[in-house]
Amino acid sequence: MEISNEPAIKKPKRLTSIVWNHFERIRKADICYAVCIHCNKRLSGSSNSGTTHLRNHLMRCLKRSNYDVSQLLAAKRRKKEGALSLTTVNCDEGQRKEENIKPTILKFDQEQKQDEPINLGSIRFDQERSRLDLARMIILHGYPLAMVNHVGFKVFVKDLQPLFEVNSAIELDCMEIYGKEKQNVYEIMSRSHGRINLAVDMWASPEQAEYLCLTAHYIDENWKLQKKILNFVSLNSSHTEDMLSEVIIKCLMEWEVGHKLFSMTFHDCAINNDIAVRVKDHFSQNRPLLSSGRLLDVRCSGHVLNLIVQDCIEALRDITQKIRESVRYVKTSQATLGKFNEIVQQVGINSQQSLFIDCPTQWNSTYLMLDTVLEYKAAFSLLQEHDPAYTVALSDTEWEWTSSITSYMKLLLEIISVLSSNKCPTANVYFPEICDVHLQLIEWCKSPDDFISSLALKMKAKFDKYWSKCSLALAVAAILDPRFKMKLVEYYYPQIYGAAAADRIKDVSDGIKELFSVYCSTSSSSHQGVALPGSSLASTSNDSRDRLKGFDKFIHETSQNPNIVSDLDKYLEEPVFPRNCDFNILNWWKVQKPRYPVLSMMVRDVLGIPMSNVAPEDLFSTGARVLDYYRSSLNPDTRQALICTQDWLQTGLENPANPHPTLLSPLLWRQISYFLDKVKGEFSLVS
């Protein structure tokens with residue numbers, strides 16, 4: 001309620017509400033007023049009016065630029081703890097002494113503990129910083145850009161900070177952040193001395209649009225495995241598979257990392273081989289390629305294992321449908337379920353698993369359903385005899401097929417679970433698991449049952465296509481694991497190849513030696529003053545005043561001793577490192593780098609190969625990777641900016657030891673956290 005300005009006489013009176021820290025109480029005749037110390041507005045100060053209208057005014061007072069409503073909450077908390085001094089007015093012989101308590105001014109400590117009370121009264125509001133913080137929050141959590149126009153969000157922000165003006169053009173802020181973050185990533189990639197391994201993924205949208213996602217995988221200078229999405233490109237109908245190589249080359253040239261390319265991992269084994277060849281031909285100068293690029297073209301292990309599982313699912317499609325109907329029938333009524341439970345007890349089944357119907361789009365749930373139903377096989381067989389209405393019972397042959405194929409699925413589930421649970425999925429962990437799958441497929445093909453053997457042959461054909469492309473890369477990575485070296489290849493290959501194992505082992509041995517010789521040449525060229533990609537040695541050839549620049553070459557050539565054991569030979573001749581669950585291969589090589597200076601360069605590149613580029617949440621999915629409706633509706637530039645920047649910001653959060661320089665400011669998060677913690681219990685001020 002507004003009161004006209006008139007001369008007034010102040011009357012001293014003790015005030016008990018902390019709201020009066022922001023108001024001066026005056027009296028004229030029999031009327032009391034409350035005057036805001038920030039804007040001088042007069043409001044009713046009568047004791048009958050309470051303090052709610054005063055508090056509401058403070059939340060809307062435009063001249064409170066250096067104060068925040070949360071200070072009132074902090075002040076109230078201090079009052080409860082007996083640490084709050086209230087304004088005191090004394091009257092002595094007509095002389096009035098008055099103290100107006102101003103809000104306490106403190107410096108904000110970003111390292112303050114989360115559970116300590118926060119006084120934000122001294123923090124000056126920064127519209128620009130808060131605007132960018134909002135944009136980062138939207139990017140980081142994948143919120144829709146339109147959320148800034150939602151009424152609920154506007155009310156929340158207005159209550160949290162009345163001075164904050166929500167920018168409806170939030171997309172421009174997101175693009176600004178994308179530009180800054182992209183420059184940071186560019187500088188990181190430029191400074192990296194190692195090579196990068198590129199994962200090439202295809203995505204789709206609900207409208208059948210296609211997208212190409214390029215992700216760089218590499219091991220940094222601290223021997224930490226890193227990955228960063230470089231591009232998320234929209235492919236129009238004119239983009240054929242043959243043109244994918246041009247898109248990839250263009251993206252790599254934009255980032256200026258083509259000369260650092262070591263390998264490319266494609267999601268699907270069916271992708272044209274010429275794509276990798278074209279990219280290789282474009283970036284093939286002055287860089288090591290193993291046997292003309294035999295390590296360059298890698299295919300995703302997670303995808304091929306999923307394809308094998310899909311063959312199992314398809315083979316059991318009709319039987320699986322009968323099993324779903326059987327479970328559904330048992331659970332249709334309490335009477336039927338009771339009868340089934342009686343049969344279960346009668347045949348002595350003590351399973352702790354409950355029957356359920358699977359989610360067809362997640363094959364691991366289908367496996368669990370089949371595995372559970374197999375435990376109740378005897379009960380379902382007997383149910384057919386006791387209940388004529390049950391007409392979807394499985395035959396003995398169908399039960400046998402279900403049991404055999406479920407055992408296959410169990411092995412694949414265990415292997416995928418092991419690979420996906422690895423927190424640091426370096427390339428060395430895949431070889432033994434993939435070899436186990438290979439051996440099992442060989443055994444399954446020997447089945448006397450035509451149905452099972454034909455299924456196994458179909459699965460093995462897909463696996464063999466993958467194995468022919470990736471076996472060398474898998475083996476080389478395993479050899480560079482000090483727990484295995486050549487011994488693991490010598491263990492598995494006789495089981496896989498039989499009499500031809502010796503030749504296959506020699507191929508692997510020659511392959512790793514050939515790759516190592518290229519790295520030796522790279523190191524030798526670096527000593528001669530030629531800085532090649534991947535070399536951490538600085539070049540001195542640009543110094544025209546260095547008259548002894550040929551001396552380094554002379555020393556290198558005259559110091560060569562053919563009897564000196566190479567890094568690779570020394571590494572392979574030493575005993576294998578004991579296997580234990582706490583072993584970290586990147587830490588081991590970080591420590592051993594001085595002993596193997598050239599070999600360690602090769603190790604960084606090889607172990608960084610993404611042998612699988614399937615996200616853990618997609619490993620058990622039976623469908624293609626589909627972009628959500630919201631992101632597929634964005635324009636191509638905005639979509640790429642949001643997806644790439646989200647990945648970069650999340651990487652910064654996952655590595656607190658190396659915090660990202662432009663992550664959300666602690667101030668905004670502390671304000672929001674404090675507000676949410678207190679709004680339920682302490683938002684109402686005590687008058």
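A crossing of two helices is left-handed if the near helix is turned anticlockwise from the far one by less than a right angle, and right-handed if clockwise. The exercises below use a predicted model.

**Exercise 1. Describe how helix 11 and helix 13 pack, and give the handedness of their crossing.**

Solution.
- Start with the general rule: two packed helices are described by the angle between their axes and the distance between the axes.
- Helix 11 covers residues 363-375, and its axis comes within 10 Å of the axis of helix 13. The crossing angle is roughly 135 degrees.
- Angles over 145 degrees count as roughly antiparallel and 65 to 115 as roughly perpendicular. Helix 11 and helix 13 are therefore oblique to each other.
- Helix 11 passes helix 13 in a left-handed crossing.
- Now list the partners. Helix 11 contributes residues including Trp363, Tyr367, Leu370 and Leu374. Helix 13 answers with residues including Trp399, Met409, Leu413 and Ile416.
- Sorted by class, this contact of helix 11 with helix 13 has 10 nonpolar, four polar and two charged residues.

**Exercise 2. Classify the packing of helix 3 against helix 5, then sort the contact by residue class.**

Solution.
- Helix 3 spans residues 127-141 and helix 5 spans residues 170-191. Their axes lie 9 Å apart, at an angle of about 80 degrees.
- That angle makes helix 3 roughly perpendicular to helix 5.
- From helix 3, the contact takes in Arg131, Leu132, Leu134, Ala135, Arg136, Ile138 and Ile139. From helix 5 come Ile170, Asp173, Cys174, Glu176, Ile177 and Lys180.
- The class count is eight nonpolar, no polar and five charged.

**Exercise 3. Place Leu419 in the fold and find its contacts beyond the sequence neighbourhood.**

Solution.
- Leu419 sits in helix 13, residues 396-421.
- Its relative accessible area is 11%, so Leu419 is buried.
- With neighbours within four places in sequence set aside, Leu419 contacts Val429, Tyr430 and Glu433.
- Take Tyr430. It is 11 residues from Leu419 along the chain, and the two C-alpha atoms are 7.3 Å apart.

**Exercise 4. Which residues have the most contacts inside the largest nonpolar core, and which helix supplies its largest share?**

Solution.
- The largest nonpolar core has 108 residues. Phe431, Tyr493, Trp589 and Leu599 have the most contacts inside it.
- Helix 15, residues 450-479, gives the largest share of this core, 16 residues.
- Follow Phe431. Beyond four places in sequence, Phe431 touches Trp467, Leu474, Ala475, Ala478, Leu488, Val489, Tyr492 and Tyr493.
- A second, separate core has 39 residues, among them Val185, Ala216, Leu261 and Ala641.

**Exercise 5. Is Lys460 buried or exposed, and what does Lys460 touch?**

Solution.
- Lys460 lies in helix 15.
- Its relative accessibility is 18%, and the limit for buried is under 20%. Lys460 therefore counts as buried.
- Outside four places in sequence, Lys460 touches His438, Leu441, Ile442 and Cys445.

**Exercise 6. Contrast the settings of Asn40 and Lys485, each with a positive phi.**

Solution.
- Begin with the background: most residues other than glycine have a negative phi.
- Asn40 has phi near 65 degrees. Asn40 lies in the loop between strand 2 (31-36) and strand 3 (42-44). Asn40 is exposed, at 56% relative accessible area.
- Lys485 has phi near 50 degrees. Lys485 is in helix 16, residues 485-497. Lys485 counts as buried, at 5% relative accessibility.

Definitions and conventions
Residues numbered from 1 in each chain as written. Predicted model: local features only at pLDDT ≥ 70, side-chain atom pairs only at ≥ 80, totals over all residues. Heavy atoms only, no water. Helix = DSSP H or I, 4+ residues; strand = E, 2+ residues; numbered from the N terminus. Buried < 20%, exposed > 50% of the residue type's maximum accessible area, 1.4 Å probe, protein only. Contact = heavy atoms within 4.5 Å. Axes fitted to C-alpha atoms, helices over the stretch in contact; angles between N-to-C directions. Parallel < 35°, antiparallel > 145°, perpendicular 65-115°, else oblique. Nonpolar A, V, L, I, M, F, W, Y, C, P; charged D, E, K, R; others polar. Core = buried A, V, L, I, M, F, W, Y, C linked by side-chain atoms within 4.5 Å.
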